[in-house]
Amino acid sequence: MDALSGLLEGPRARGAFMIRACFDPPWAVRVEDRAPLTVMLVARGEAWVLPDRGERIRLRAGELAIARGPDPYTCADAPGTAPQALILPGQECRYPDGRPLNGSMDLGLRTWGDRPDGATVMLIGTYPMQGEISGRLLDALPPLLALTSDVWDCPLTPYVSEEIVRDEPGQEVVLDRLLDLLVIAALRAWFARPEAEAPAWYRALADPVVGGVLRLLQDDPAHPWTVAALAAKAGVSRAALARRFTALVGEPPMTYLTGWRLALAADRLRDSEDTLDAVARRVGYGSAFALSTAFKRVYGVSPLEYRRRMA
């Protein structure tokens, strides 16, 4: 599991969701939900995404924006339109003066706004939580990014538009996978752009030697890897692998592996009730003591204290 996959694995089980937002102008919605990742795809019409800080973005049909929380922003038909609704953490919806909306903008299954056939239709997906693995990717994203039609052509748009309003067996699973596909396709497109600052490990995945080694480490972190074993798998010498890996990733293979194992352990401590011994074995440590020593050195607290804080 690489960090692009890790971004999606945990959040799905903790409430990732999609809605269809439909509006007639003038309209504006203030978003203060602090969600770590929100994707906004315009299916019809156009919309503005207006962050409190930074450059505002205009989206037309088929174009997409991704907001990386927790910074607030406003979605509107035009920059000067005053917000008519406020979205708070937990998807609590209120009027700008604080009064609850009480479902007054609910339009049916996963649909919200003025009227179902509004001039503007946006497909909005949100991942409410994040972890150490997903943080490695989220930290590389700007607070707000856009993929416009000159660099982005998403064949998923009509399919998502149809599926989001269906109520059939397995529908939540279908929408989960569609949201995952949409986010992965968008992030790949973004990191392919010259102005995007892709993480070193992401760029290194394209290298014929280092990319394969990274996948070995990410897919099987519990294996007792050594530089010699990795070099043999890659078909190069130990010295050549160490030099090339460090140059592309920014740290030696074993240092990267330690960070990856501890990030996995941190997410496991937060998301499961596994014992410390079980977590240690799962991520490649021989004992709870060995994991605790390494974990405290990096995170500044013991694994059990970390679990208590995350709870």
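Biologist: Which residue in the hairpin of β4 and β5 takes a positive phi?
Modeller: That's Gly-54, with phi near 105°. The hairpin has five residues between its strands. Keep in mind that this is a predicted model.

Biologist: How do β4 and β5 pair, and over how many bridges?
Modeller: Antiparallel, over four bridges. β5 covers residues 57-60, and its Ile-57 stands opposite Val-49.

Biologist: And which strand is β7, the one that also pairs with β4?
Modeller: β7 is residues 73-76, and it pairs with β4 in the antiparallel sense, over four bridges. Trp-48 has Ala-76 of β7 as its bridge partner.

Biologist: How many residues of β4 are buried?
Modeller: Five of the six, so the strand, residues 46-51, is mostly covered.

Biologist: Switching to cysteines. How many disulfides does the count come to?
Modeller: Zero. The cut-off is 2.5 Å between cysteine sulfur atoms.

Biologist: Why no bond for Cys-93?
Modeller: Because the closest cysteine sulfur, in Cys-75, is 13 Å from the sulfur of Cys-93, which is too far.

Biologist: What about Cys-154, how far is its sulfur from the closest cysteine sulfur?
Modeller: It's 18 Å, again with Cys-75 as the partner, so that is too far for a bond too.

Biologist: Are Cys-93 and Cys-154 buried or exposed?
Modeller: Cys-154 is buried, at 9% relative accessible area. Cys-93 comes out at 22% relative accessibility, so it counts as partly exposed; the cut-off for buried is under 20%.

Conventions: Residues numbered from 1 in each chain as written. Predicted model: local features only at pLDDT ≥ 70, side-chain atom pairs only at ≥ 80, totals over all residues. Heavy atoms only, no water. Buried < 20%, exposed > 50% of the residue type's maximum accessible area, 1.4 Å probe, protein only. Helix = DSSP H or I, 4+ residues; strand = E, 2+ residues; numbered from the N terminus. Pairing = 2+ DSSP bridges.
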